[in-house]
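Biologist: I'd like a close look at one part of this protein, please: a place where two helices pack together. Walk me through what meets what there, and then show me how it sits in the rest of the chain.

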Amino acid sequence: MKAIIYCRVSTEKESQETSLARQEEELKALSERYQFQVVDTICEQASGYDLDRPGILEILEKIKEHQIQALLIQDETRLARGNAKIALLHVLFKLGVKIYTISHQGELQISEADSMVLKIISLVEEYQRKLHNSKIKRGMERAVRAGYRPEQNLSNRGENAGRDRKEVPLEEIIRLRNMGLTFSDIAATLRGFGYSVSKATVHRRFQEYCQEKQVNNKDNHVNHK
């Protein structure tokens, strides 16, 4: 099992540097006990209340790139404190990473309070996902009821199906807007058909189109004088 060792202290005092060395030594012994393959050891001096830490960001990046299965820390306070700790635990558990600590002499056992908060966060995420999918479905249904036929309007539908498209289909935005759909519904509809767009992007592109149309109309009016 591949693992990363993470050591942290909050200040730059000399005594804290000694603490970093001690943490690293103890965690290496823990990794040998469980026969982990230590991919990297990351040590940093930063506040546990801060999420924007180079060491933590590097850990998350390595986990995604190298399929790390375990994170070794002295105790959960070394990972983070307060809300930052809950946020990091949530992310790590979602990534399937097991956390081993010196204080537990094995896998981390979170408190009942932290466990309850993490369950609540997971439930909120699940309902947010359901709400997001419902908005997409509603937008698509409204578009179809208004006469929108995606199989006729969206080009290259069969190519790279299921992948997000970076380009924004301006003609479809205009068409859907003329059918009376809101910018939110237009964005949800296009996402349902594979376009990665937000409400803000749809609104911005439509406003740019309207401004360009105004300029062109003024130019045409001047030319006909």
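**Two helices and their surroundings**

Modeller: Let's start wide: if you take contacts in the chain between residues at least 6 apart in sequence, 69% of them join residues at least 24 apart. Keep in mind that this is a predicted model. The chain has 225 residues, and buried ones make up 36% of them. Its accessible surface comes to about 13900 Å², with 47% of that belonging to carbon and sulfur atoms. You'll find nine helices and five strands, and from the N terminus on they run β-α-β-α-β-α-α-β-β-α-α-α-α-α.

Now for the spot you asked about. I'd pick helix 4 (residues 82-94) and helix 5, which pack at an angle of about 65 degrees with their axes 10 Å apart. Their crossing is right-handed. Helix 5 covers residues 112-145.

What meets what? From helix 4 come Lys85, Ile86, Leu89, His90, Phe93 and Lys94, and from helix 5 come Asp114, Val117, Leu118, Ile121, Ser122 and Glu125. So the list holds charged residues as well as nonpolar ones such as Leu89 and Ile121.Within that set, Asp114 and Lys85 form a salt bridge, the closest N and O atoms being 2.9 Å apart. The pair links distant parts of the chain, with Asp114 in helix 5 and Lys85 in helix 4, 29 residues apart. Are these two partners buried or exposed? Asp114 is buried, because its relative accessible area of 12% falls under the 20% cut-off. Lys85 counts as buried too, at 13% relative accessibility.

Stay on helix 5 for a moment, and look at Met116, which lies in that helix. Met116 is exposed, with a relative accessible area of 51%, whereas Asp114 is buried. Met116, Ile120 and Val124 make a nonpolar surface patch of about 280 Å².

The bridge between the two helices is one of eight salt bridges in the structure. Two others make a handy contrast, since each of them sits within a single helix. In helix 1 (residues 14-33), Glu24 and Lys28 are four residues apart, which means about one helical turn between them. Their side chains meet in a salt bridge at 3.3 Å, N to O. Glu24 is partly exposed at 23% relative accessibility, and Lys28 is also partly exposed, at 39%.

Helix 2 (residues 54-66) has a pair with that spacing as well: Lys62 and Glu58 are four residues apart, again about one helical turn. The N to O distance in their salt bridge is 3.9 Å. Here the two partners fall into separate classes of exposure. Lys62 counts as buried at 18% relative accessibility, while Glu58 counts as partly exposed at 32%. There's also a third member to keep in view, as Asp40 is linked with Glu58 and Lys62 in a network of salt bridges.

Away from the helix pair, Arg8 is worth a click. Arg8 is placed in strand 1 (residues 2-9) and is buried, with a relative accessible area of 1%. What does Arg8 touch, leaving out residues up to four places away in sequence? The list is Leu20, Gln23, Glu44, Ala46, Ser47, Gly48, Arg53, Thr77, Arg78 and Arg81. Take Ser47 from that list: Arg8 and Ser47 are 39 residues apart along the chain, yet their C-alpha atoms are separated by 8.6 Å.

One last stop, further along the chain. Helix 8 (residues 183-192) is largely enclosed by the rest of the structure, because seven of its 10 residues are buried. The buried ones in helix 8 are Phe183, Asp185, Ile186, Ala187, Ala188, Thr189 and Leu190. Just after helix 8 comes Gly194, which takes a positive phi of about 100 degrees.

To go back to your helix pair: when you turn the model, start from the salt bridge between Asp114 and Lys85, then follow helix 5 to Met116, Ile120 and Val124, which make the nonpolar surface patch.

Methods: Residues are numbered from 1 along each chain as its sequence is written. This is a predicted model: local features need pLDDT of at least 70, side-chain atom pairs count only at pLDDT 80 or more; totals for chains, interfaces and linings use all residues. Side-chain values use heavy atoms; hydrogens and water are left out. Patches are made of residues with over 30% relative accessible area and no salt bridge: like charges are joined within 9 Å, nonpolar side chains (Val, Leu, Ile, Met, Phe, Trp, Tyr) within 5 Å. Accessible areas come from the Shrake-Rupley method with a 1.4 Å probe; for residues, only the protein chains shown count as cover. A salt bridge is a side-chain nitrogen of Lys or Arg within 4 Å of a carboxyl oxygen of Asp or Glu. Buried means under 20% relative accessible area, exposed over 50%, partly exposed in between (1.4 Å probe, protein chains only). Axes are lines fitted to C-alpha atoms, for helices over the stretch in contact, and angles run from 0 to 180 degrees between N-to-C directions. A crossing is left-handed if the near helix is turned anticlockwise from the far one by less than a right angle, and right-handed if clockwise. Contact means heavy atoms within 4.5 Å.
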